[in-house]
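Subject: The structure we talked about

Hi,

Here is the structure I promised to pass on. Have a look at it first, and then read on for what I found.

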Amino acid sequence: MSEQALPIIDVGPVRAGDLGSMASISAQINDACMTAGFFYIRNHGIDETVIDNVVAASRAFFALPAELKQKVSINKRHRGFSALGDATMYGAKRPDCKEFFTMGLELSEDDPDVKAGQPLRGPNNWPDFMPELRAAMSAYYEAVGCCGADLLKAIAHSLGMGVDFFIDRYRKRLQRTQLIYYPPQSAEMGPHQFGVAPHTDFGCITLLWQDNNSGLEVLNRASKSWISATPIEGTLVVNVGDLLARWTNDRYTSTPHRVINRSGYERFSIATFYDPDFNAMVDPCDLDISPAERRYEPITAGQHIVNRLDQSFGYRKGATV
Ligand code: OGA
Ligand code: NI
């Protein structure tokens, strides 16, 4: 594995609303999204206590007995707990060696989209046996969502659009935030066992917090080798997903990555898939691609995400919503 570094971009000025810094930051983002498809962000603006609280809650939750965690097993709205073996990445030989807990935008049963049966929508699936998880995770969800919104201003700018291009498309966002737990992997598990098998992310952008145990690896297309996304204190790892690659007509690249927890320790991460409204139309022509150049038909963000979830999660096989 080579030790090539992924770029580190300081997004502090963008988070502070300093539009004067936009040109230089969005130029760095443009380079990173066109080449590695991955970068670190520094000065992400999420309070340290918010992170400490959610990480502590995550450690406590995954340490609970399996029978208890199963009480909030993932439901058809993709909310709740998935045990070891529940997720198999498209094309992988074995299920991933990870447990995770997923939340989304909290909507009540009275919400019009929930009533209309829009897939993936509804209330979260909180454990009543661990009430503190809700507060800690919801605080992180909102904070990382604000960071995602600011980042998308810079991404819009990097694509030559107005900084508010994504705002109307993220009013009722399909943001999914996932606490992930990777048990240590032993060599006996063999070469086909991954924490997460090689994959690209489904949505627009992913923002990842990781603890200080390495494990995430990113494919370098030129050298065809895996680069370690080594943990760097105070940063998040950001990557382009398939939906943003599609939206940009492949100007931006959605890069394969994987996790193998060889650290010998339990590894914890928090992945946030910061995705648009269900009905947001993803059409390259809206990003100034001419109809003649357009490689992809328009699709709603929600339909694309539902299609991809259905391919990877056993519990969704045959799911209609
Ligand atoms: C993912 C992912 C990386 C990590 O969940 O899609 O790539 O380090 N996670 O948990
Ligand atoms: Ni991923």
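One definition before anything else: two strands pair if DSSP finds at least two bridges between them. Also keep in mind that this is a predicted model.

With that in hand, start at strand 12, where Leu208 stands opposite Ala271. Six bridges join strand 7 to strand 12, and the two run antiparallel. There is a partner in strand 5 (residues 176-182) too: seven bridges link strand 5 with strand 12, again antiparallel. Here Gln178 is the residue that stands opposite Ala271.

How many of the eight residues of strand 12 (residues 267-274) are buried? Eight of the eight are, so strand 12 is largely enclosed by the rest of the structure. In a regular strand, side chains alternate between the two faces of the sheet. For strand 12, both faces are covered. On one side sit Arg267, Ser269, Ala271 and Phe273, on the other Phe268, Ile270, Thr272 and Tyr274, and all of them are buried.

Now for the metal. Which residues coordinate the nickel ion (ligand 2)? They are His199 (NE2), Asp201 (OD) and His257 (NE2), at 2.1 Å. Along the sequence, these donor residues follow the spacing H-x1-D-x55-H. Asp201 and His257 link distant parts of the chain, being 56 residues apart. Asp201 belongs to the loop between strand 6 (196-199) and strand 7 (205-210), while His257 is in strand 11 (residues 257-259). Are these two buried or exposed? Asp201 has 6% relative accessibility and His257 has 4%; buried means under 20%, so both count as buried.

Strand 11 also takes part in an open sheet of four strands, in the order 6-11-8-9 with antiparallel pairing. Strand 6 and strand 9 (225-228) are at the edges, each with a single partner strand, so one side of each has no neighbour in the sheet. On average, neighbouring strands here are turned by 25° against each other, direction ignored. Inside the sheet, strand 8 (residues 216-220) pairs with strand 11 over three bridges, in the antiparallel sense. If you want one spot to look at there, Glu217 has Arg258 of strand 11 as its bridge partner.

Then there is ligand 1. The residues that surround ligand 1 include the nickel donors His199, Asp201 and His257. Also around ligand 1 are residues of strand 12, among them Arg267, Ser269 and Phe273. Ile180, Tyr182, Leu208, Leu216 and Val259 are in the surrounding set as well.

Three of the residues are worth zooming in on for their polar side-chain atoms:

- Tyr182 has one that lies 2.5 Å from an oxygen atom of ligand 1.
- Ser269 has one at 2.7 Å from an oxygen atom of ligand 1.
- His257 has one at 3.0 Å from an oxygen atom of ligand 1.

Taken alone, ligand 1 exposes 290 Å², and the protein buries 96% of that.

One last residue, Val282, has its place in strand 13 (residues 281-282). With 0% relative accessibility, Val282 counts as buried. Val282 and Leu120 are 162 residues apart in sequence, and 18 Å apart in space from C-alpha to C-alpha.

Cheers

Technical notes: Residues are numbered from 1 along each chain as its sequence is written. Chains are lettered from A and ligands numbered from 1 in the order in which they are written. This is a predicted model: local features need pLDDT of at least 70, side-chain atom pairs count only at pLDDT 80 or more; totals for chains, interfaces and linings use all residues. Side-chain values use heavy atoms; hydrogens and water are left out. Donors are N, O and S atoms within 2.8 Å of the metal (3.2 Å for Na, K and Ca); water is not among the atoms, so sites may look incomplete. Buried means under 20% relative accessible area, exposed over 50%, partly exposed in between (1.4 Å probe, protein chains only). Axes are lines fitted to C-alpha atoms, for helices over the stretch in contact, and angles run from 0 to 180 degrees between N-to-C directions. A residue is near a molecule or strand if one of its heavy atoms lies within 4 Å of it. A polar contact is a pair of N or O atoms within 3.5 Å; within protein, one must be able to donate a hydrogen and the other to accept it, and residues adjacent in sequence count only if both atoms are side-chain atoms. Accessible areas come from the Shrake-Rupley method with a 1.4 Å probe; for residues, only the protein chains shown count as cover.
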